[in-house]
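Student: Could we go through this structure together? I would like to begin with the strands and then turn to some individual residues.

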Amino acid sequence: MYPCDLHTHTTRSDGHLTPVESIKRAGQSGLKVQAITDHDVTLPLYYEEEGKKINLEEFAAENGVELVRGIEISCDTNNEDVHLIGLFCDWDAPEFRTLEEWVRKSRTESYREIVKRLFQSGYQVSWDELLVYAGKEEKPDGILKKELYEYLASKGYVKSWLDGKKLIQSHPELSVDREKPDPVETIHMLHKTGGIVIQAHPFLVKEEPYYRGKSMSRYAYMDMLVEAGLDGIEACYTYDKTSYTGTLSKEEIENLVKKRYANAGVFFSGGSDFHGDFKKGLPNPRELGECGVSYEYYCQYIKKPGSAKKIL
């Protein structure tokens with residue numbers, strides 16, 4: 001187990017544990033550092049649960065955990081899984097409010113269209129039923145893609161959310177590319193708000209992504225992000241429990257990334273991409289600390305001086 005997990009999710013996006021529940025589980029698991037990096041939405045310092053207003057950083061410290069508030073931004077309209085993690089940003093910066101509003105609109109439009117196409121293809125699904133399944137009848141602009149995949153699994157069309165993702169991706173007539181921010185511009189935005197930027201799960205990006213009118217290799221795409229100012233690359237990641245379709249093991253991928261970018265001026269991050277899928281009965285779910293970095297590495301290469309108190 002790694003003591004620092006820098007990629008986790010909660011009910012703020014598509015996770016199944018609230019921030020409080022996730023932090024508590026992190027403490028019970030023995031984590032020293034947990035970054036909560038929900039999709040396209042920031043994590044507030046104060047979170048209300050069961051009628052109580054909780055300071056999440058103080059709550060984490062009480063559980064022996066250093067909480068790092070973060071975000072995972074889905075980028076690049078033409079390519080799936082180009083995700084950039086921002087840490088140590090000024091979360092009150094107006095750029096994040098603009099981003100959240102834009103993402104909600106683009107998500108809703110594209111996901112409604114996917115449901116429409118599924119129905120036209122013979123799947124007995126509806127937008128209203130999806131909202132009920134996700135418990136978002138009062139928040140229709142809050143639907144996330146993973147919830148759509150889980151909805152398909154609940155209807156018996158696929159075995160799990162992973163199979164739902166593969167179903168949509170393998171049938172172009174069902175897929176709809178929602179509008180997403182440009183990755184280079186996103187790096188600059190996160191830097192503008194005082195943060196550091198990490199490319200999440202780089203080997204989930206297809207082998208030949210298409211960007212700004214030209215096709216390139218996956219490595220060329222990564223090189224482009226590094227040249228644009230990328231601070232870190234997520235080398236240690238749970239590829240064996242995701243939609244990764246390549247033949248390399250997660251250890252082999254980690255070694256390849258570290259070897260190629262050893263002298264590129266970036267650090268190597270790690271995270272489980274924990275969602276709390278055990279609550280949905282998913283077999284062999286990802287766990288906190290399953291991938292990550294050592295505490296010494298985190299302190300030396302990732303943590304901003306003075307950003308949080310050291311927890312021994």
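**Strands, loops and one buried aspartate**

Tutor: Certainly. This is a predicted model. A good starting point is strand E10 (residues 232-237), which is joined to E11 by five bridges, the two strands running parallel.

Student: Which residue of E11 is the bridge partner of cysteine 236?

Tutor: Cysteine 236 has glycine 270 as its bridge partner in E11. Between E10 and E11 the chain passes through helix H9 (residues 250-260), and this β-α-β crossover is right-handed.

Student: Why is E11 described as largely enclosed by the rest of the structure?

Tutor: Strand E11 spans residues 267-271, and five of its five residues are buried, so the strand is largely enclosed by the rest of the structure. Its two faces are both covered: Phe267, Ser269 and Gly271 are buried on one side, and Phe268 and Gly270 are buried on the other. In a regular strand, side chains alternate between the two faces of the sheet.

Student: What about E7, are its residues buried or exposed?

Tutor: They are buried. In strand E7 (residues 196-199), Ile196 and Ile198 point one way, while Val197 and Gln199 point the other way.

Student: Which strands are joined to E7 by bridges?

Tutor: E6 (residues 82-87) is joined to E7 by four bridges, and that pair runs antiparallel. Here leucine 87 stands opposite isoleucine 196. E7 is also joined to E10, by two bridges, and this pair runs parallel. Glutamine 199 stands opposite isoleucine 233 of E10.

Student: Changing topic: where is aspartate 38?

Tutor: Aspartate 38 sits in the loop between strand E2 (33-36) and strand E3 (46-49).

Student: How far away is the nearest side chain of opposite charge?

Tutor: That side chain is arginine 12, at 5.2 Å. Aspartate 38 is buried but has no salt bridge; the cut-off for a salt bridge is 4 Å.

Student: What does the side chain of aspartate 38 reach, then?

Tutor: It reaches the backbone nitrogen of threonine 10 at 2.7 Å. The aspartate 38 side chain also makes a polar contact with the side chain of serine 13, at 2.7 Å.

Student: How are E3 and E4 joined?

Tutor: Four bridges join E3 to E4, and the two strands run antiparallel. Tyrosine 46 has asparagine 55 as its bridge partner in E4. The hairpin of E3 and E4 has two residues between the strands, and glutamate 50 takes a positive phi there, near 55°.

Student: Is glutamate 50 buried or exposed?

Tutor: Glutamate 50 counts as exposed, because its relative accessibility is 77% and the cut-off is over 50%.

Student: Which other residue should I examine for its phi value?

Tutor: Aspartate 76 has a phi near 70°, a positive value in a residue other than glycine. Most residues other than glycine have a negative phi. Aspartate 76 lies in the loop between strand E5 (66-75) and E6. This aspartate is buried, with a relative accessible area of 5%.

Student: Finally, what does the UniProt annotation cover?

Tutor: According to the unreviewed UniProt entry, residues 4-77 are covered by the annotation "domain: Polymerase/histidinol phosphatase N-terminal". In the model, the end C-alpha atoms of residues 4-77 lie 31 Å apart, and the span is 24% helix and 36% strand.

Notes: Residues are numbered from 1 along each chain as its sequence is written. This is a predicted model: local features need pLDDT of at least 70, side-chain atom pairs count only at pLDDT 80 or more; totals for chains, interfaces and linings use all residues. Side-chain values use heavy atoms; hydrogens and water are left out. UniProt positions are given in the numbering used here, feature names are shortened, and annotations may be inferred rather than shown by experiment. Buried means under 20% relative accessible area, exposed over 50%, partly exposed in between (1.4 Å probe, protein chains only). Two strands pair if DSSP finds at least two bridges between them. A crossover is right-handed if, with the strands pointing away from the viewer, the path from the first strand over the helix to the second runs clockwise. Lys and Arg count as positive and Asp and Glu as negative; His and the chain ends are not counted. A polar contact is a pair of N or O atoms within 3.5 Å; within protein, one must be able to donate a hydrogen and the other to accept it, and residues adjacent in sequence count only if both atoms are side-chain atoms.
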